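Open the model in a viewer and keep the sequence panel visible. Each stop below gives a selection and then says what is found there.

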Amino acid sequence: MICPSRIRPDRIQTMLRSFDETKSEGTDIVIYTSKCDPALEEYKKALVGRHHFIGDRIPQGHVCNKICNDIPYYDFYGEVNDDHVFRTPGWDKILIDEIESHGGWGISWGWGMIHPVETRLPQAVIVSGNCIKTLGYFFHPCITHAYVDRMLSDLYETLGMAYYRPDVVIEHQHALNNPSLMDDNYRYVLSGETLEIGKKQYEFWRNNFMESDVES
């Protein structure tokens, strides 16, 4: 699992506790923080013994692509946010088994509790390494943060390789559900400007790359 985080050393510890308590043996997690993060020293103390990557400040989508490129030998990769909490024991095995039951290609994810259970937006998603190696990315590089879930949904639904497991709960403790959690990170990602940029990036991908990505 890959988790970009910024200015949230307290929340990363809540996520990691739930990860440790529910994961299967052999599942690892990498935390990526930027070297300019004001809370970097707190992260270093909180993440002793963890896989902690420190680098340039880059957006969520690029972090996932970088980590997949830097450690290319895993069969499955996942993305999780520092505001997720794993609720279902063995969630990783369930999601990986779902992909493997369909030939080892595609994506699988659970219910984040931020949308109605019927909504099929992939968040805290696991992606087959086969797909990442074939496409050359986890998220298309032209999409940086907003709309990354829409990109995954469009691509893998079209391919018939999108497997939603609402019985697996990975709670997304987002400010959209609890306004008291609002911080500068949420203000940035929920701003009209950020969402508009994300929409344009997503539409650019759909219009210029989706067809060739499906053919790949």
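Start by selecting G110. Leaving aside neighbours within four places in sequence, G110 is in contact with L95, Y164, R165 and V168, where contact means heavy atoms within 4.5 Å. This is a predicted model, in which local features need pLDDT of at least 70 and side-chain atom pairs count only at pLDDT 80 or more, while totals for chains, interfaces and linings use all residues. Residues are numbered from 1 along each chain as its sequence is written, and side-chain values use heavy atoms, with hydrogens and water left out.

Stay on G110 for a moment. G110 is buried, at a relative accessible area of 6%; buried means under 20% relative accessible area, exposed over 50%, and partly exposed in between, with a 1.4 Å probe and protein chains only. Add R87 to the selection: the two residues are 23 apart in sequence, and their C-alpha atoms are 10 Å apart in space.

**The five-stranded sheet**

Now extend the selection from G110 to strand β6, in which G110 lies. Helices (H or I, at least four residues) and strands (E, at least two) are DSSP runs numbered from the N terminus. Next show β8, residues 162-172. β6 and β8 pair in the parallel sense over five bridges; two strands count as paired if DSSP finds at least two bridges between them. One place to check this is S108, whose bridge partner in β8 is Y163. How many of the eleven residues of β8 are buried? Eight are, so β8 is largely enclosed by the rest of the structure.

Show the whole sheet. It is open, has five strands in the order β4-β7-β6-β8-β5, and its pairing is mixed. At its edges are β4 (76-78) and β5 (84-86), each of which pairs on one side only. From one strand to the next the twist averages 40 degrees. Axes here are lines fitted to C-alpha atoms, for helices over the stretch in contact, and angles run from 0 to 180 degrees between N-to-C directions.

Move to the β5 edge. β5 pairs with β8 in the antiparallel sense over three bridges, and H84 stands opposite H172 in β8. Then select helix α4, residues 91-100, which packs on the sheet and touches β4, β5, β6 (107-111), β7 (126-128) and β8. The direction of α4 makes about 170 degrees with that of β8.

**The three-stranded sheet**

Select β1, β2 and β3 next. They form an open sheet in the order β1-β2-β3, with parallel pairing. The edge strands are β1 (2-4) and β3 (51-55), each pairing on one side only. β1 and β2 (residues 30-34) are joined by three bridges in the parallel sense; within β2, V30 is the bridge partner of I2. Add helix α3, residues 60-70: this helix packs on the sheet, touches β1, β2 and β3, and runs at about 140 degrees to the direction of β1.

**The nonpolar cores**

Switch to side chains. A nonpolar core is a set of buried Ala, Val, Leu, Ile, Met, Phe, Trp, Tyr and Cys residues joined through side-chain atoms within 4.5 Å. The largest one has 31 residues, and those with the most contacts inside it are I107, V127, F138, Y156 and W205. Its largest share, five residues, comes from α6. Centre on V127: beyond residues up to four places away in sequence, V127 touches F76, Y77, G106, I107, I132, F138 and Y156. A second, separate core has 22 residues, including F19, I31, Y43 and W91.

**Helix α6**

Select α6, residues 148-159. From first C-alpha to last, its twelve residues reach 17 Å, close to the 16 Å expected at 1.5 Å a residue; the expected span is 1.5 Å times one less than the number of residues. The buried residues of α6 are V148, D149, M151, L152, S153, D154, L155 and Y156. Just after the helix, G160 takes a positive phi of about 70 degrees.

**The cysteines**

Finish with the cysteines. The structure holds zero disulfides, a disulfide being a pair of cysteine sulfur atoms within 2.5 Å. Why is C36 not bonded to C3? C3 holds the cysteine sulfur closest to that of C36, but the distance is 17 Å, too far for a bond. C36 is partly exposed, at 45% relative accessibility. For C68, the closest cysteine sulfur is in C64 at 6.6 Å, also too far for a bond. C68 is buried, with a relative accessible area of 7%.
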